[in-house]
Amino acid sequence: MKLKSDRIETLKMLISSKELGSQDEVLAALAQEGFAVTQATLSRDFKQLKVAKAASMNGRYVYVLPNETMYKRVPTPRMASEMLRIPGYRSINFSGNMGVIRTRPGYASSIAYNIDNGHIDEILGTIAGDDTIFIVIKEGVTQDQVIKGLSSIVPGMEAEF
């Protein structure tokens, strides 16, 4: 039996990378990743993740995570299990008390979700797109402190000065 945390991470990656418009489509995508779950379990997972439906670029209503500001999807979707093995982080840059994290396409919302729920004292909040995360940093916090705080959540993080 696979762990709930693995299922939740896979579900976040699927929602971030594919246009899934029905629970049947989501259940099929999860099954393809090796997760056999019921509709009731999926509904509980959606509630936990605060999943909503929004119009995609082509006008179809699809599931989205709450911090997704753009609903662009990866043109050639990979298996979520493959995406979870490949680090999504690419770079980070700072300007004053703001930072911009670049990710691989489809990874930003999942990484931002982890940052927001990681209780990093140096970061006030995030806004995520498809491959970019905007972070607001507390006043008086150094870039090194931010990177140290993020390093446990975003492996391989290094500043670009």
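Modeller: Quick definition before we start: two strands pair if DSSP finds at least two bridges between them. Helices (H or I, at least four residues) and strands (E, at least two) are DSSP runs, numbered from the N terminus.

Colleague: Fine by me. In strand 6, what is the bridge partner of A128?

Modeller: That would be I133. Five bridges join strand 5 to strand 6, and these two strands run antiparallel.

Colleague: What kind of model am I looking at, by the way?

Modeller: This is a predicted model: local features need pLDDT of at least 70 and side-chain atom pairs pLDDT 80 or more, while totals for chains, interfaces and linings use all residues. Residues are numbered from 1 along each chain as its sequence is written, and side-chain values use heavy atoms, with hydrogens and water left out.

Colleague: Good to know. How many helices and strands does the protein have?

Modeller: There are six helices and six strands. From the N terminus on, the elements run α-α-α-β-β-α-β-β-α-β-β-α.

Colleague: Back to the sheet. In what order do the strands sit?

Modeller: Four strands make an open sheet in the order 3-4-6-5, with antiparallel pairing. Strand 3 and strand 5 are the edges, each pairing on one side only.

Colleague: And which strands does helix 5 lie across?

Modeller: Helix 5 lies across strand 3, strand 4 (98-103), strand 5 and strand 6. Helix 6 packs on the sheet too, and touches strand 3, strand 4, strand 5 and strand 6 (touching means heavy atoms within 4.5 Å).

Colleague: Which residues touch the most other members in the largest nonpolar core?

Modeller: That core has 21 residues, and I92, I101, I115, I133, I135, L150 and M157 touch the most other members. A core here is a set of buried Ala, Val, Leu, Ile, Met, Phe, Trp, Tyr and Cys residues joined through side-chain atoms within 4.5 Å. Two or more residues come from each of strand 3 (89-95), helix 5 (108-116), strand 5 (123-128), strand 6 (132-137) and helix 6 (143-151). Helix 5 gives the most, with four residues.

Colleague: What does I135 touch?

Modeller: Leaving out residues up to four places away in sequence, I135 touches I92, N97, M98, G99, I101, I123, G125, T126, V146 and L150. There is also a second, separate core of 18 residues, whose members include L20, L30, F35 and Y113.

Colleague: L30 is in helix 2, right? Which residues of helix 2 are buried?

Modeller: In helix 2 (residues 23-32), the buried ones are Q23, V26, L27, A29 and L30. They cover an arc of only 160° around the axis, going by the directions from the axis to the C-beta atoms, so they sit on the same side of helix 2. D24 and Q32, on the other side, are exposed. Buried means under 20% relative accessible area, exposed over 50% (1.4 Å probe, protein chains only).

Colleague: What do the buried residues of helix 2 pack against?

Modeller: Helix 1 (4-17), helix 3 (39-49) and strand 2 (61-64). After helix 2 comes G34, with a positive phi near 95°.

Colleague: Now helix 3: which residues are buried there?

Modeller: T41, L42, D45, F46 and L49. Those buried residues fall within an arc of 140° seen down the axis, so they line one face of helix 3. R44 and K47 are exposed on the other side. The cover over the buried residues of helix 3 includes helix 1, helix 2, strand 2 and helix 5. Just after helix 3, K50 takes a positive phi of about 60°.

Colleague: Last one: what percentage of the protein's residues count as buried?

Modeller: 44% of the 161 residues.

Notes:
Axes fitted to C-alpha atoms, helices over the stretch in contact; angles between N-to-C directions.
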